[in-house]
Amino acid sequence: MMRLLHWVIASRDNLPEFPEAWGTPPEEVADAGGGLFSVLWSDVGEEFYHSAGPGGEGDGWEKRELVSTVWEVGTEEGDDEGWKWLTQEQLKGLWDNDAELIRKELEDMPVKNGLYEVERPTALVTCLPTNGVAAFQIPRATYISNFSMAGELWGVQSLRNPDTYASWSVEMQPSPPTLIVTRLRASEDTFAGLITKIKQAARRSGIWKVEVWNLQVGLRGVAEKTGGRTSIQSEHLPQIMWYGPNKFQQVLLVLMQHDYHWLEQYCFSKVHID
C-alpha cells in the first residue's frame, strides 16, 4: 500500500515504470499528484518505509535527523501580564499568519556552501500548519483519552511581541503525559519568557514535561539555560521521499517542530537546480 502511495502523490513523469506484477496503476484524479516530495514519521525504524519505493523494494523514504529538547516543568509560577492565552478557535488566525511567515522565511533562506549538513542543498522543504494540519494534532492526541488542557487553552502569544507564540498538543502515552509544542516562534530575547508560559500551561493541566522538536540552533543555548536538554531521537523518525530533480540526499527538512502528516498541497518548498 505504501508503495502505491507514491503513484497518488507524485507526477508520473517523476516515477519509474509501474511494476507489471502490481497490476494496474492507481487512477489519476483531480487535486492529487504533482507533488515534489512526501514526508512521514516512523515508529518502526527507518528500513520499513525505505523499502517501500515506487518501483519495488528499496528507494523509498529516507531518514532525516530528529532533534528533541525536553524541559521538566517544575514549580515556578508567574502572572499572565503581557501574554494572551489561546483557545483552539483562536489558533486558526495564528497559524494563518505563521504560514505566511514560514513561506517568507523559506524564500529568504540562502542556499550556499557551509550553512547546511550537505554542501549545496537541492531543495529546502517544510510543512505549513494551515488547512487543519496543526489543528488535527489536538483531537488526534485527546480523542481517546478525553483529556483537555486547563481552560481549553492550546497556545499562548506575547502581547508585547506578537511574533512570539507557541501552540501545543499532548502525548498521553507513554505515561506520564508530555506537552508537545507543535509550532513555536521566538527570538533569543523572547524565548525564555515563552518557555516559562508553556511550562505554566503544562503545570496547570497536570503535565510535568515539555518537548520541542527541531528547535532552531540559535535558541538551543537559551534552552539549555532554562533547563532544556537536547538530544538526537531514535523514535518518531522523520523520513522524506523526493520526487523532484537532482540528488535525494541533498533535500533538507527545515522550519519544522512536530510530527505533521500531510499531502503535497500543505507543503512548501524552495528548489535549487544547477
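Which residues have the most contacts inside the largest nonpolar core? In this predicted model, local features need pLDDT of at least 70 and side-chain atom pairs count only at pLDDT 80 or more, while totals for chains, interfaces and linings use all residues. Residues are numbered from 1 along each chain as its sequence is written, and side-chain values use heavy atoms, with hydrogens and water left out.

The largest nonpolar core (a set of buried Ala, Val, Leu, Ile, Met, Phe, Trp, Tyr and Cys residues joined through side-chain atoms within 4.5 Å) has 37 residues. Met149, Trp168, Leu179, Leu184, Phe191 and Ile198 are those with the most contacts inside it. Two or more residues of this core come from each of strand E6 (83-86), helix H3 (88-108), helix H4 (137-142), strand E9 (165-171), strand E10 (178-185), helix H5 (191-204), strand E11 (209-213) and helix H6 (217-225). Helices (H or I, at least four residues) and strands (E, at least two) are DSSP runs, numbered from the N terminus. H5 gives the most to this core, with six residues.

Leaving aside residues up to four places away in sequence, Phe191 touches Trp71, Leu184, Ala186, Leu215, Leu219, Val222 and Ala223; contact means heavy atoms within 4.5 Å. A second, separate core has eleven residues, among them Leu40, Ala52, Trp61 and Met241. Burial is defined by relative accessible area: buried means under 20%, exposed over 50%, and partly exposed in between (1.4 Å probe, protein chains only).

Several prolines lie in loops. Pro162 is located in the loop between strand E8 (155-158) and E9, and is partly exposed, with a relative accessible area of 46%. Pro162 and Leu94 are 68 residues apart in sequence, and their C-alpha atoms are 9.7 Å apart in space. The loop between E9 and E10 holds Pro174, which is joined to Gln173 by a cis peptide bond with omega about -5 degrees. Pro176 also lies in the loop between E9 and E10. A cis peptide bond joins Pro176 to Ser175, with omega about 0 degrees.

Positive phi values occur at Asn131 and His236, each a residue other than glycine. For Asn131, in the loop between strand E7 (123-127) and H4, phi is near 60 degrees. Asn131 counts as exposed because its relative accessibility is 56%. For His236, phi is near 55 degrees, and the residue is placed in the loop between strand E12 (229-232) and strand E13 (237-242). His236 has a relative accessible area of 25% and is therefore partly exposed.
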